[in-house]
Amino acid sequence: MNIKVDSCVCNPEKILRHVNISINSTLLKNKNIQFDCTNSIAYPPFINSHDHLISNWYPKAGFGRTYPNVNIWVEDMKKTDSFLERNKVWINDGSFDLTEEAAHQIVLLGIYKNLFSGCVVVQDHIPKQKKSYYENNPIVVLKNYTQHHSLSMGNWWGGYSAEEEYAKANGKIPFIMHLGEGIDELSKKCFSKLKELELLQSNTLLIHGIALTKQQIKECAEAGTSICWCPESNYYLIGETLDIDACLEFNANIVLGTDSTMSGGINLLEEIRVAHQKFPHIPMKQIFKMITTNPVKALKLPTEYGVIDKNTSNLLLIKKHDEDPFRNLLETQMEDIELMIHQGIPIYGDVKFLSEFNISENDYYFFGEDRFVIGHPEKITDSINKKLGYKKDFPFLPF
Ligand SMILES: [Zn+2]
């Protein structure tokens, strides 16, 4: 399959204009079929570096106030309508076994949130689950990592101490932990504790870092420690965010994450817009790096992620609304994604492309006039509606 596009963003530094992209897939009926998509832009599929898949309920869980640190919100959140509504589908009994059926339905909902916003990889920050949790998903849920919730709250949701979890990563896989999610003394103390425990390392990914000072961000950059920026969630919960200008000044490896919809934006596309609205001086190319090449480094992903070439088995094809391919992301809605291919398998887009693949239609859900997605998200929403006794809308689903 060849697709003629307006431009192809191979990586943040290389954009090819008016090029024919060739799709590598063993499923193609006719390898030479030609599509003219000269009003579209090809990108590498995106990576969401921070989510809690089990918490993608809607609307946000809060009372319209911000908190000095996240620990207080975690308690307040349990009284919100959103949390109580989710309880009708799944109640957290403290075991955090998310492979159990009701839990896994909500997790899948979160996976689809990511898929519909152009992500083929998501990091689900949760205690390590059974092997099956990471298998047979429509996109990749990062499997190789160790984690700690936070130094201020400990690993309350399961797993070992921060030092033990870090040791288990063996320097080879990412060690992921929330840090400094607040503006009070408790939040500010976390960085010195991190250093004391010798966890400021090149395979460490810190989430949020709102409390980090400029000097501390410099130390993160020097240590090669990555930081995940979740602006929407930060402003909603704390009213402040990471010192992103310092991060860029010191060239720290910054990745973008949505967090869950109980505190963050609707999806990664909205997160990109929020980042730009709050910090319009940051070049969109930098933000593009935060969802492609930077997370490949932070999450230690195979090199096939975060970049594409003229010959590719991964693709995110998006309608062109802006001549600048990076600024085009600001205009992108779920519906603007014309085709998404992961490892040669079509996963989301317009039916005209799907009909060129040897696939079983039973493996796909068709909606709207001409849209398809891999798997059956409609069965999840049907089941949730049944449990609730009414129809529940999730703004991150396009059907
Ligand atoms: Zn989080």
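Here is a short chat about two helix packing features in this predicted model.

Student: What makes Gln-216, Ile-217, Cys-220 and Ala-221 of helix 6 buried?

Tutor: A residue is called buried if 20 or more other C-beta atoms lie within 10 Å of its own. In helix 6, residues 214-223, these four are buried.

Student: How do you know that the buried residues line one face of helix 6?

Tutor: Look down the axis: the buried residues fall within an arc of 145°, so one face is what they line. As background, an α-helix has 3.6 residues a turn, so residues three or four places apart point the same way. Gln-215 and Glu-222, on the other side of helix 6, are exposed.

Student: Which elements do the buried residues of helix 6 pack against?

Tutor: Their partners are helix 5 (185-196), strand 9 (204-208), strand 10 (226-229) and helix 8 (244-249). After helix 6 comes Gly-224, with a positive phi near 80°.

Student: Now helix 3 and helix 13. Why are they called oblique to each other?

Tutor: Helix 3 (101-116) and helix 13 (377-388) pack at about 135°, their axes 10 Å apart. Roughly perpendicular covers 65 to 115 degrees and roughly antiparallel starts over 145, so an angle of about 135° counts as oblique. The crossing of helix 3 past helix 13 is left-handed.

Student: Which residues make that contact?

Tutor: Helix 3 brings Gln-105, Leu-108, Leu-109 and Tyr-112, while helix 13 brings Pro-377, Ile-380, Ser-383 and Ile-384.

Student: How many residues of each class does the contact have?

Tutor: Six are nonpolar, two are polar and none is charged.

How values were computed
Residues are numbered from 1 along each chain as its sequence is written. This is a predicted model: local features need pLDDT of at least 70, side-chain atom pairs count only at pLDDT 80 or more; totals for chains, interfaces and linings use all residues. A residue is buried if 20 or more other C-beta atoms lie within 10 Å of its own, exposed if 12 or fewer, and partly exposed in between; C-beta atoms are placed from the backbone. Helices (H or I, at least four residues) and strands (E, at least two) are DSSP runs, numbered from the N terminus. The arc is that of the directions from the helix axis to the C-beta atoms. Two residues are in contact if their C-beta atoms, placed from the backbone, lie within 7 Å. Axes are lines fitted to C-alpha atoms, for helices over the stretch in contact, and angles run from 0 to 180 degrees between N-to-C directions. A crossing is left-handed if the near helix is turned anticlockwise from the far one by less than a right angle, and right-handed if clockwise. Ala, Val, Leu, Ile, Met, Phe, Trp, Tyr, Cys and Pro count as nonpolar, Asp, Glu, Lys and Arg as charged, and the others, Gly among them, as polar.
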